[in-house]
Structure formats: structure tokens, C-alpha cells
Amino acid sequence: MKKVSWLLVLSFGFLLILSSVGCNTVSNTPSATNVPKVESTEIMVSAAASMKDSLTEIQKAYAEKTTGVKLTFVFGASGTLQQQIEQGAPVDLFISAGKTQMDALEQKNLLLKESKVDLVGNELVLVTGKDNNKVTSLEDLTKPDVDKISIGTPESVPAGKYAQESLTNLKLWDALKPKFVLAKDVTQVLNYVETGNVEAGLVYKSDAQGSAKVKVVSVVPESSHKAIVYPAAVISATKNKQVTEDFLKYLESSEAQQIFVKYGFKTLAK
């Protein structure tokens, strides 16, 4: 019995030693919760609605090249985005579909002026639904059986402003004015055409190219409107100046420009 008791005592003591060693091993191992997290710098980009598809691909491409940067996009009509920035929206970079909106922000000292660049160009086109055979030219818009035509609201949507300028110079504006269905941005114009709510619409080439439900029936003469240019600039209130400037430089790179061209934009001579 004594022999058995001693064996039990020895076994118990051995287990205590093993337990102690195990505890020390665990306590000396860094906890996963103690590993410092590397936080990303978030860049807020306000961009014209017509850039959504191209910038979504650029976002993925940039993530593969750069660590520690998170890109967040807000898309909308350039005029609406301009107003949001004027009201203090936490934006780092603004890409407008028109110079008017960018110039307005510059006049209010809301841009880092040295950062402003002309990023890409575009074309204005007339689109209809795939099965629409009534409209084959801008002049066809005056036909009595063409009831509704959509353009962006000229006061806030650059594409709408270009449309107004073109149709005025082509002596079509007054005749077509009663037929207009105004939209908040070019994406909505495209949607109206896709769903058949209007018979035709004026959008950018980049928008039309991204839709399988519409067809381009005419390119609006470039001579009838000012050159379509998308300017970009860093907002003066940014707290991420260097990181934002780095991303803007990437947007000017040949890699990013090729993506823009893929989605229907035009490169600009530097």
C-alpha cells in the first residue's frame, strides 16, 4: 500500500510539473489580440456618375499595387457633389464631368490649386433603345411621333449642359424643349432610355458603351459644344494630402488611362 501511495504522489507531482511548463509556454506566446493592427488610410473620392464603372476597376487595380490605402467613392451629378463639398463633406479628391463645378470650388479656395489636372475627355452621343428604329439622327428628334427625350438637368449635370449647348447651336433646342425629361445625372438618363420611358437620350459615350440595352445612333458634333473635359483636384480640407496626391498621380498614369479608354473615355494631350 505504501508503494502504491508513493507512486500516486510521484505521478501527481509529475503532472504538476508538466502543467507548470505548459502554462509558462502559453504565457510566453504573444496573443493574437496583442498584435498591432495596420490601419488603412481612407481616401474619400467624389466623382461624376459617368465614371463609376471605370473607377470601380481602377479601385481594384490600385489595391493590388498599394497597401494601406482604402478608396471610398461617392458617385453623383457633378453639381450635387460640388454643393456637398461646399457644405463641408469630408472629401479628399473631386473628379468632375465639367469645368464649371471645379472652377466654382476653386473660386471659393476649396481646392489645392496646384493639384488640379484635366484627367480625361469624353464624347456626347444620342442613344435609343435597341429596338427603336424611329430615331437615327438628332434631326429625327423633331418628329411628331417622338414624344420624350431625356437629358441631364443643365444647371447641375455637365452632360445636360453640353446637350443644351449643342442643341441650341444646331437650332434644335426650342423645338425639342417640350419633349425633355430632365434627369438628375447621366445614369438616370440612360436608365430612362433602357426602360423605354423615353425614346432617346443624350449621354456620354462612356455611359452608352457600358449598356447592352441601348444603341448609339449619332455622335453629337464636337464643334457644337465646348470640349468635354473631366478635371480632378485635391480638396484643400483633406487630412490625407500626400496619399490623395499619390492616387491622383496614379489616375494620370498610362495604366489607369488605359482603363479609362477601355470604358469609352478619351486621353488628353499633355
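Visitor: Is Lys171 buried or exposed?
Guide: This is a predicted model. Lys171 sits in the loop between H5 and helix H6 (173-176). Over 50% relative accessible area counts as exposed. Lys171 has a relative accessible area of 73%, so the term for it is exposed.

Visitor: What is the phi of Lys171 near?
Guide: Lys171 is a residue other than glycine. Its phi is nonetheless positive. The value is near 60°.

Visitor: In which loop is Asn109 found?
Guide: Asn109 also has a positive phi, near 60°. It is a residue other than glycine. Its place is the loop between H4 and E4.

Visitor: How many helices and strands does the protein chain have?
Guide: The protein chain has 270 residues, and 44% of them are buried. Its exposed surface is about 14,700 Å², with carbon and sulfur atoms supplying 55%. The secondary structure comes to ten helices and ten strands.

Visitor: Among contacts between residues at least 6 apart in sequence, what percentage join residues at least 24 apart?
Guide: Take the contacts in the protein chain between residues at least 6 apart in sequence. Then keep those that join residues at least 24 apart. The share is 78%.

Visitor: Which strands stand at the edges of the sheet E2-E1-E3-E10-E4?
Guide: Five strands form this open sheet, with mixed pairing. From one strand to the next, the twist averages 20°. An edge strand here has a single partner, so one of its sides is left without a neighbour in the sheet. The two are strand E2 (69-76) and strand E4 (117-121).

Visitor: Which residue in E3 stands opposite Ser46?
Guide: Strand E1 (residues 41-48) and strand E3 (residues 93-95) run parallel. Three bridges join them. Opposite Ser46 stands Phe94.

Visitor: Which residue of E10 stands opposite Phe94?
Guide: E3 and E10 run antiparallel, joined by three bridges. E4 and E10 are antiparallel too, with four bridges. There, Val117 stands opposite Ala232. For Phe94, the residue opposite is Ala233.

Visitor: How many of the six residues of E10 are buried?
Guide: Val229, Pro231 and Ala233 point one way from E10, and all are buried. Tyr230, Ala232 and Val234 point the other way, and these are buried as well. E10 is therefore largely enclosed by the rest of the structure. The count is six of the six.

Visitor: Which helix lies across E3, E4 and strand E10?
Guide: This helix spans residues 99-107. It runs at about 25° to E10 (229-234). It is helix H4.

Visitor: By how much are neighbouring strands of the sheet E7-E6-E8-E5-E9 turned against each other on average?
Guide: This open sheet has five strands and mixed pairing. Strand E7 (180-183) and strand E9 (214-219) stand at its edges, each with a single partner strand. Direction ignored, the average turn between neighbours is 35°.

Visitor: Which residue in E9 is the bridge partner of Gly129?
Guide: Strand E5 (residues 124-129) and E9 run antiparallel. Five bridges join them. The partner of Gly129 is Val214.

Visitor: At about what angle does helix H7 run to E8?
Guide: Helix H5 (residues 158-169) packs on this sheet and makes about 115° with E8. Helix H7 (residues 186-194) lies across E5, E6, E7, E8 and E9. Its angle to E8 is about 145°.

Visitor: Is Ala208 buried or exposed?
Guide: Ala208 is in helix H8 (residues 205-209). Beyond its neighbours within four places in sequence, its contacts include Val125, Leu190 and Val214. Its C-alpha atom is 8.5 Å from that of Gly264, which lies 56 residues away along the chain. At 6% relative accessibility, Ala208 counts as buried.

Visitor: How are H9 and H10 oriented to each other?
Guide: The axes of helix H9 (residues 241-252) and helix H10 (residues 254-262) come within 5 Å. They cross at roughly 60°. The helices are therefore oblique.

Visitor: Which residues of H9 make the contact with H10?
Guide: By class, the contact has four nonpolar, two polar and two charged residues. H10 brings Ser254, Glu255, Ala256, Gln257 and Phe260. H9 brings Tyr250, Leu251 and Glu252.

Key: Residues numbered from 1 in each chain as written. Predicted model: local features only at pLDDT ≥ 70, side-chain atom pairs only at ≥ 80, totals over all residues. Heavy atoms only, no water. Axes fitted to C-alpha atoms, helices over the stretch in contact; angles between N-to-C directions. Parallel < 35°, antiparallel > 145°, perpendicular 65-115°, else oblique. Contact = heavy atoms within 4.5 Å. Nonpolar A, V, L, I, M, F, W, Y, C, P; charged D, E, K, R; others polar. Buried < 20%, exposed > 50% of the residue type's maximum accessible area, 1.4 Å probe, protein only. Areas by Shrake-Rupley, 256 points an atom, 1.4 Å probe, with all protein chains shown as cover. Pairing = 2+ DSSP bridges.
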